[in-house]
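Work through the exercises below with the model open. Each task is followed by its solution.

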Amino acid sequence: MIATNNTTRKKQRVIDLRCYHSELIVRDRFRKDMLWNQEKTRLSRVSSIEDDDLIERMLRMGIHAENVTALQKFPVAMVAWASGSVSSREAQAAFQETYTLEVSGSNSEIDLFISWLIKKPSSEMWQIWQDYVRVRTYIIGLRHTQTIGRSIYKLAEKVAMVSGGLWGYATVCREEQEVLERIKYCYLLEEFNVEQSSSESIY
């Protein structure tokens with residue numbers, strides 16, 4: 001009788017432990033889901049984007065409410081990668097042209113931009129950037145979008161010109177030109193003169 005009671009208690013303890021472990025898993029999953037939804041809400045509010053799929057893709061790529069402003073500058077980092085690698089001179093030019101003494105960004109934004117210069121982003125980031133620009137065009141209007149696009153184009157062009165040459169400047173290579181054309185296409189700049197306003201700013 002005593003042996004039977006001991007066996008029963010052991011079985012009950014095993015069941016209790018399994019239930020406790022399952023409960024911890026459920027609680028942890030609930031906590032993660034709650035934090036994920038909070039991040040989605042914050043990013044959606046800051047960016048004014050209601051596209052749930054785009055918001056989730058942005059979050060999965062490390063873009064959140066504190067650094068989302070870096071996303072519009074993504075092509076500037078990618079033009080530095082056009083040749084297949086980023087030289088220290090290109091990285092310095094990309095950073096200094098984007099974040100001048102007059103224009104600074106949050107630490108989180110700057111960290112994200114620098115991370116794109118250190119490790120080449122996946123091709124998915126290009127699609128996210130394009131979708132972001134497309135959605136933001138509906139929100140802020142075509143004219144403002146093109147103002148941003150001209151500024152981004154100018155920054156990317158300056159970085160492309162740092163790729164070589166006796167004085168640090170050279171002609172733009174084919175791969176760099178493809179990035180510049182991608183910027184023009186996404187911001188609908190084809191029929192506009194990119195040089196028309198050097199004073200316009202993206203900030």
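**Exercise 1. Classify R42 and find its charged partner.**

Step 1. R42 has 28% relative accessibility, so R42 counts as partly exposed. The classes are buried (under 20% relative accessible area), exposed (over 50%) and partly exposed (in between), with a 1.4 Å probe and protein chains only.

Step 2. Note the source. This is a predicted model: local features need pLDDT of at least 70, side-chain atom pairs count only at pLDDT 80 or more, and totals for chains, interfaces and linings use all residues. Residues are numbered from 1 along each chain as its sequence is written, and side-chain values use heavy atoms, with hydrogens and water left out.

Step 3. The side chain of R42 forms a salt bridge with that of E66, at 2.0 Å, N to O. A salt bridge needs a side-chain nitrogen of Lys or Arg within 4 Å of a carboxyl oxygen of Asp or Glu.

Step 4. R42 sits in helix α1 (residues 2-47) and E66 in the loop between α2 and α3, so the pair, 24 residues apart, links distant parts of the chain. Helices are DSSP runs (H or I, at least four residues), numbered from the N terminus. E66 is partly exposed too, at 36% relative accessibility.

**Exercise 2. Compare two further salt bridges.**

Step 1. E97 and K158 meet at 3.7 Å, N to O. E97 lies in helix α4 and K158 in helix α7, so this pair ties together parts 61 residues apart in sequence.

Step 2. K184 and E181 meet at 3.8 Å, N to O. They are 3 residues apart in helix α8, about one helical turn.

Step 3. Check accessibility. K184 is buried at 15%, while E181 is partly exposed at 31%.

**Exercise 3. Which face of α5 is buried?**

Step 1. Helix α5 covers residues 107-118. List its buried residues: E109, I110, L112, F113, W116 and L117.

Step 2. Look down the axis. These residues fall within an arc of 160 degrees, so they line one face of the helix. The arc is taken from the directions from the helix axis to the C-beta atoms.

Step 3. Turn to the face away from the buried side. Exposed N107, D111 and I118 are there.

Step 4. Find the packing partners. The buried residues pack against α3 (74-80), α4 (88-98) and α6 (123-140).

**Exercise 4. Judge the confidence.**

Step 1. Mean pLDDT (the predictor's confidence in each residue, from 0 to 100) is 82 for the protein.

Step 2. Over residues 194-203, pLDDT stays under 50. Where pLDDT is low, the predicted coordinates should not be read in detail.

Methods
Helix = DSSP H or I, 4+ residues; strand = E, 2+ residues; numbered from the N terminus. Expected span 1.5 Å × (residues − 1). Contact = heavy atoms within 4.5 Å.
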